[in-house]
Amino acid sequence: MLRSALAAGVVETTTSASGKAATSSGETGTIKELKIARTTQTHSICPYCAVGCSVTIHTIGDKAHNVKPAVVHIEGDPASPINRGTLCPKGVGLKEFVTSDQRVTRVLHRAPGAATWKEMTWDEAVPRMARLIKDSRDRGFEEKDAQGRTVNRLSNTALIGGCTDTNEVNFLLGRFRFGLGILPYENQARL
Ligand code: SF4
């Protein structure tokens, strides 16, 4: 009866405090609360490609100090003139990108010739990276070319980016690159 009433569009429902719903014909059932019912919504941009689709990130946690926020859903933003609420298959998987237990969140180092990666702290990694970059630059920086023209370039060091680099990351990488004079440079932003 409920199915035929729904098909005819004549069912009215009332919902009790316990979440039980009753139709006008007396049939009852439980209404499942949407997973985004009590989320905080944050607007952002999909980082995967230069289309720049807008997304809405749903987070549970209410910003209370004793609650760790959890991303429960990411969807296309219908207000965006670029994607109008849609996402491609890659963008649809954004939540897994954020929440995957396989996401690398620590510094891993594979020493020259080693077959395995070892964990390293940021306090160890940052000075090491700075030292190696400085040494490479001291070895490879060219102020003048063979004809005596000023070039200020570095070709023994390269910068590469990945598809999840944001515009801000790419902006900073660009500044870093020009500051050092690095020529080999590749990422999806083509700066
Ligand atoms: S949802 Fe797809 S098309 Fe849109 S920015 Fe992300 S990767 Fe590009």
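This dialogue introduces selected features of a predicted model.

Q: How many helices and strands are there in the protein?
A: The protein holds 5 helices and 12 strands. Of its 191 residues, 8% count as buried. Among contacts between residues at least 6 apart in sequence, 34% join residues at least 24 apart.

Q: In what order do the strands of the open sheet stand?
A: A sheet is read strand by strand, with attention to its edges and its twist. Here 3 strands form an open sheet in the order E4-E5-E6, and the pairing is antiparallel. Strand E4 (40–45) and E6 are the edge strands, each pairing on one side only. From one strand to the next, the twist averages 30 degrees.

Q: How many bridges pair strand E5 with E6, and in which sense?
A: In a regular strand the side chains alternate between the two faces of the sheet. Strand E5 (residues 54–60) pairs with E6 in the antiparallel sense over 6 bridges. Within this pairing, isoleucine 60 stands opposite alanine 70 in E6.

Q: Which residues make up the largest nonpolar core?
A: In soluble globular proteins, nonpolar side chains tend to be buried together. In this model the largest nonpolar core has 7 residues, namely Cys46, Tyr48, Cys53, Val55, Ile74, Leu87 and Leu94. Leucine 94 touches Cys46, Val55 and Ile74, when residues up to four places away in sequence are not counted.

Q: Which residues are around the ligand?
A: The shell is read first by its members and then by their character. Its members are Cys46, Tyr48, Cys49, Val51, Gly52, Cys53, Asn83, Leu87, Cys88, Lys90 and Gly91. By character they divide into 7 nonpolar, 3 polar and 1 charged. Cys46, Tyr48, Cys53 and Leu87 are listed both in this shell and in the largest nonpolar core.

Q: What is the sign of phi at arginine 84, and where is this residue placed?
A: Most residues other than glycine have a negative phi. Arginine 84 is not a glycine, yet its phi is positive, at about 45 degrees. Its place is in the loop between strand E6 (70–76) and helix H2 (89–92).

Q: Why does arginine 84 count as buried or exposed?
A: The answer comes from a count of neighbours: a residue is exposed if 12 or fewer other C-beta atoms lie within 10 Å of its own. Arginine 84 counts as exposed because it has 12 C-beta neighbours inside 10 Å.

Q: Where is asparagine 152 found, and is it buried or exposed?
A: Asparagine 152 is found in strand E10 (residues 150–154). Asparagine 152 is exposed because 11 other C-beta atoms lie within 10 Å. This residue also has a positive phi of about 45 degrees, although it is not a glycine.

Q: How many bridges join strand E9 to E10?
A: A hairpin is read from its bridges and from the residues between its strands. Strand E9 (residues 141–144) is joined to E10 by 3 bridges, and the two run antiparallel. Arginine 153 in E10 is the bridge partner of glutamate 142. The hairpin has 5 residues between the strands, and its glycine 148 takes a positive phi near 85 degrees.

Q: What separates the C-alpha atoms of lysine 118 and leucine 108?
A: Separation along the chain and separation in space are read as two quantities. Lysine 118 and leucine 108 are 10 residues apart along the chain, and their C-alpha atoms are separated by 5.5 Å. Lysine 118 is found in strand E8 (residues 118–120). With 10 C-beta neighbours inside 10 Å, lysine 118 counts as exposed.

Technical notes. Residues numbered from 1 in each chain as written. Predicted model: local features only at pLDDT ≥ 70, side-chain atom pairs only at ≥ 80, totals over all residues. Helix = DSSP H or I, 4+ residues; strand = E, 2+ residues; numbered from the N terminus. Buried ≥ 20, exposed ≤ 12 C-beta atoms within 10 Å, placed from the backbone. Near = placed C-beta within 6 Å. Nonpolar A, V, L, I, M, F, W, Y, C, P; charged D, E, K, R; others polar. Core = buried A, V, L, I, M, F, W, Y, C linked by C-beta atoms within 7 Å. Contact = placed C-beta atoms within 7 Å. Pairing = 2+ DSSP bridges. Axes fitted to C-alpha atoms, helices over the stretch in contact; angles between N-to-C directions.
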